[in-house]
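User: Please take a close look at the empty space enclosed within this model, and then describe the packing and backbone details elsewhere in the chain.

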Amino acid sequence: MHIFKKISILIALLIILILIGGAVYYNSLKPTYSGTIKLANVAQETSVYFDDYGIPHIYAKNELDAVIALGFVHAQDRLWQMELMRRIAPGRLSEIFGEKMLKNDQFFVRLGIDEASKRSIEKLDKNGEVYKLATAYLNGVNQFIKNGPTPIEFTLIGVEKEPYKLNDMYNILGYMSFSFAMAQKTDPLLSVFKEKLNNDYLVELGIDINPKTTLIKNALPDIENFSTMVSSINEIMENSPIPPFIGSNSWVVSPKKTTTGKVLFANDPHIAYAQPAVWYEAHISTPNYEMYGYHLAGIPFPLLGHNRNYAYGLTMFENDDMDFYKEENHPSDENKYKTPTGYEDYKTAIKTIKIKDSEEVTVLVKSTRHGPIMNDVIDAIPQTNPVAMSWVYTQFEGKTLDALYTISRATEMKDVKKGASMIHAPGLNIMYGDAKGNVAWWATGKLYKHKPHVNRKFILDGASGEDDPIEYLDFSMNPMAENPSWNYVYSANNQPDTIANILYPGYYLSEDRAKRIVQLLEPKNNWNKKTMSEMINDVTSVVSPEVIKEFTSILDFNSFSKNEQRAIDILQLWDGSNTVNAVAPTIYNSWVYQYLKNTFEDELGEKLFEQFLNTHLSKRVIASQIKKDVSIWWDNVKTTNNIETKKEILSKSFVEAVASLEKQLGNEIKDWNWGKVHTLEHQHPLGTDNSLKNYFNVGPFPINGAREVINNRGFKYDGSGLYNVNSGPSTRRIIDFSDIENSSSILPTGQSGNPFSEHYKDQAAMFNKGESRKMKMNKEEIIDVSTKLTILPENE
């Protein structure tokens with residue numbers, strides 16, 4: 001008994017030691033929100049107050065010290081996110097995730113982002129403020145990398161920490177620019193449509209075909225090749241561990257339309273959801289500079305921001321800044337391709353991709369005068385039919401970092417405009433409002449024109465030169481508005497007005513959100529912060545009831561079953577509101593999917609139809625197609641001896657939708673709540689492993705909203721009856737210049753990307769309910785609710 005007692009005591013002590021060790025390790029991984037640390041290159045004592053949501057408020061004697069501190073605190077909360085972001089553009093994801101990321105890496109090494117970054121850095125003024133502040137930020141990040149705890153993700157995957165470099169910063173901005181584009185999904189797809197179907201089908205999709213245009217002659221295998229290209233690009237973007245940018249809303253109301261006589265500013269950029277969330281908030285205050293900003297991982301200058309004098313934000317312009325060209329090889333020399341002046345050699349470069357637990361892969365990158373050949377990304381496309389990608393981002397000197405510095409350090413409206421003019425890609429709408437009463441927006445991007453016959457929505461002819469750009473437009477010709485007579489500016493990724501006497505080509509979204517924003521803003525002249533907050537959470541579609549009205553005006557009510565009739569009654573009474581308890585959105589979206597499927601899949605086939613659903617075009621046609629009483633698309637080409645009508649297709653779709661819902665949710669329509677099928681889960685890259693999911697992912701939650709309402713929620717139509725939200729507001733900011741210290745915001749999950757931080761998901765419940773919190777700028781209020789981290793110079 002005496003021996004057993006000793007053994008029991010030893011086991012108990014061992015368990016206690018393990019628990020103590022685990023607790024010590026657990027606490028060692030948490031961010032440092034209080035105490036005193038020393039950092040090299042800091043000149044004077046700097047204070048960082050972490051408020052009740054973990055947002056750092058940095059008070060420094062100079063900007064360099066402030067930005068070193070920003071780099072350090074940003075890294076301690078988001079180093080894993082930074083690591084992933086910097087690996088995408090140079091094709092280094094396979095180093096940590098293995099062969100499953102090889103296709104992503106092979107794709108991105110061809111785009112030329114890394115090379116464009118190096119060229120931009122070579123031209124960067126090494127004595128300028130942009131370089132000095134960027135270097136200071138890197139200094140702070142790298143001191144955390146060297147001396148701070150290793151994030152748990154690095155340990156679990158087996159990743160060695162590496163110093164952060166200026167090239168990483170530029171590569172992150174390059175990936176951001178690429179993620180905005182839609183041409184890589186759409187141009188090859190529409191080229192397939194053009195080859196497979198006649199022009200009548202395309203015209204009814206709103207794709208203008210000039211009958212005098214000489215279109216490129218494609219061989220039949222190209223149809224499958226281009227379709228495979230779309231599938232591969234979709235797969236690559238979906239597999240990316242970092243979310244792409246999607247769309248956005250913003251509106252700025254002038255003093256003449258507010259109760260306070262001051263500007264109100266609203267912005268909610270739409271980005272694919274992931275954990276951690278995209279934005280890192282930080283408030284910096286020095287004797288000569290103050291900014292409350294929203295930073296991308298690894299970027300020292302905020303993309304969204306405000307201070308006591310002005311506010312700025314962004315939405316996606318959705319302009320077309322990417323073209324695909326079908327090149328022509330030399331008949332006997334595969335190393336040459338045809339140009340307007342004769343044959344030229346392909347430019348070549350060798351890239352090496354390292355792969356975890358496998359041998360490295362060598363990639364030959366071939367480029368023409370238009371850009372890189374994309375065939376090797378897709379095994380099915382032979383080199384005899386080379387397709388080059390021409391992208392504005394890689395063709396001009398990158399000044400995005402300089403632009404963000406200029407915008408975030410502005411003293412007048414013209415400074416923000418100047419910053420906007422420096423961004424050649426991506427296409428953005430820079431939204432602006434200030435304490436003086438000014439409201440404005442400017443579209444960024446290097447816009448260009450082609451000859452009249454060119455339709456940039458298709459793959460173009462690369463050999464003749466006839467389809468090349470003929471003019472690059474000056475920034476003064478970009479869309480913009482400054483203090484317009486209607487007293488507000490807005491953007492919802494919709495088509496801008498005429499530019500240089502043309503409607504500028506792009507992949508603009510449907511009018512749903514824009515129509516609702518104007519419907520709310522136009523008649524009202526007594527806006528305040530409360531009503532603005534209600535508007536940014538609006539879940540009402542003004543277009544959906546119109547779509548339903550088109551359907552119900554032609555249906556034969558008595559031809560439907562009792563349950564189908566009840567479902568029709570619910571839709572007819574629906575005001576377009578998409579709340580979790582509503583039933584109508586569940587019925588509507590099930591029916592819309594069937595309506596699109598029965599209208600388009602017979603002509604396109606299953607694969608092309610699925611790709612079509614992944615484009616903005618599919619959203620645009622929901623309202624436009626249903627208005628057409630006669631359309632070539634209504635007929636089911638697979639049936640013989642019958643030409644289907646609009647009424648037949650829509651009625652058939654509704655019967656199938658109700659049957660699908662009965663099978664999925666039961667026969668009681670009252671149980672078909674939107675929140676049962678419309679959910680949001682913020683997925684961490686390690687959360688795909690079921691054993692880690694509960695530790696890293698946030699959610700799932702039933703969620704309000706829908707596609708193309710102001711409180712926009714992106715999801716796929718796939719016939720499953722589930723609408724898993726994959727994108728939406730990445731923040732909701734309301735800035736009130738009558739009460740700047742009580743301006744409000746929210747993040748989808750939390751400020752920290754460290755799963756051991758109390759701020760990893762402490763905003764999720766508020767975000768889901770449409771609530772907000774202060775963006776604190778009053779120092780006394782900040783100190784009252786904060787912990788303090790003091791940063792001293794290393795030699796003190």
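Analyst: The lining of the second largest cavity is made up, by class, of twelve nonpolar, six polar and four charged residues. In this classification Ala, Val, Leu, Ile, Met, Phe, Trp, Tyr, Cys and Pro are nonpolar, Asp, Glu, Lys and Arg are charged, and the others, Gly among them, are polar. The model is a predicted one, in which local features need pLDDT of at least 70 and side-chain atom pairs count only at pLDDT 80 or more, while totals for chains, interfaces and linings use all residues. Residues are numbered from 1 along each chain as its sequence is written, and side-chain values use heavy atoms, with hydrogens and water left out.

The volume of this second largest cavity is about 160 Å³. A cavity here is a set of points, on a 1 Å grid over the protein atoms alone, where a 1.4 Å probe fits but cannot get out; lining residues have an atom within 4 Å of a point. Grid points are joined across faces, edges and corners, and the volume is the space filled by probe spheres set on the points. Twenty-two residues form the lining, and those nearest the centre are Q76, D77, L79, P151 and N754. Helices α2 (63-88) and α7 (152-157) each provide at least two lining residues, and α2 gives the most, with seven. Helices (H or I, at least four residues) and strands (E, at least two) are DSSP runs numbered from the N terminus.

How many cavities of 30 Å³ or more are counted by this rule? The count is nine. The largest encloses about 200 Å³. Its lining comprises 20 residues, of which D512, S544, Y588, I622 and R707 lie closest to the centre. By class, eleven lining residues are nonpolar, five polar and four charged. At least two residues come from each of α17 (544-552), α19 and α21 (616-626).

Helix α19 also takes part in a helix pair. Its residues 584-604 pack against α18 (residues 562-573) at an angle of about 105°, with the axes 9 Å apart. Axes are lines fitted to C-alpha atoms, for helices over the stretch in contact, and angles run from 0 to 180 degrees between N-to-C directions. The two helices α18 and α19 are therefore roughly perpendicular; angles of 65 to 115 degrees fall in that class, those under 35 count as roughly parallel, those over 145 as roughly antiparallel, and the rest as oblique. The contact, defined by heavy atoms within 4.5 Å, brings A567, I570 and L571 of α18 against A584, I587 and Y588 of α19. The six residues of this contact are nonpolar, with no polar and no charged residues. Y588 thus appears both in the helix contact and among the residues closest to the centre of the largest cavity.

Another helix pair has a second geometry. Helices α13 (residues 400-408) and α14 (residues 413-421) cross at roughly 170°, and their axes come within 8 Å. That angle makes α13 roughly antiparallel to α14. A403, T406 and I407 of α13 meet D415, V416, G419 and A420 of α14, a contact with four nonpolar, two polar and one charged residues. In the loop between α14 and β16 (428-434) lies P426, which is joined to A425 by a cis peptide bond with omega of about 5°.

A cis bond with omega of about 5° also joins G699 and P700, and P700 is located in strand β24. This strand belongs to an open, three-stranded sheet of mixed pairing in the order β24-β23-β25. Strands β24 (698-702) and β25 (723-725) stand at the edges with a single partner strand each, so one side of each has no neighbour in the sheet. From one strand to the next the twist averages 25°. Strand β23 (residues 678-682) pairs with β24 in the antiparallel sense over three bridges; pairing requires that DSSP find at least two bridges between two strands. Within this pair, T679 has P702 of β24 as its bridge partner.

One further backbone feature concerns D357, a residue other than glycine whose phi is positive, near 60°. D357 is placed in the loop between β13 (347-353) and β14 (361-367). Most residues other than glycine have a negative phi, and most peptide bonds are trans.

How values were computed: 1 Å grid on protein atoms, 1.4 Å probe; cavity = no way out; pocket = protein on both sides within 12 Å on 5 of 7 lines; lining within 4 Å.
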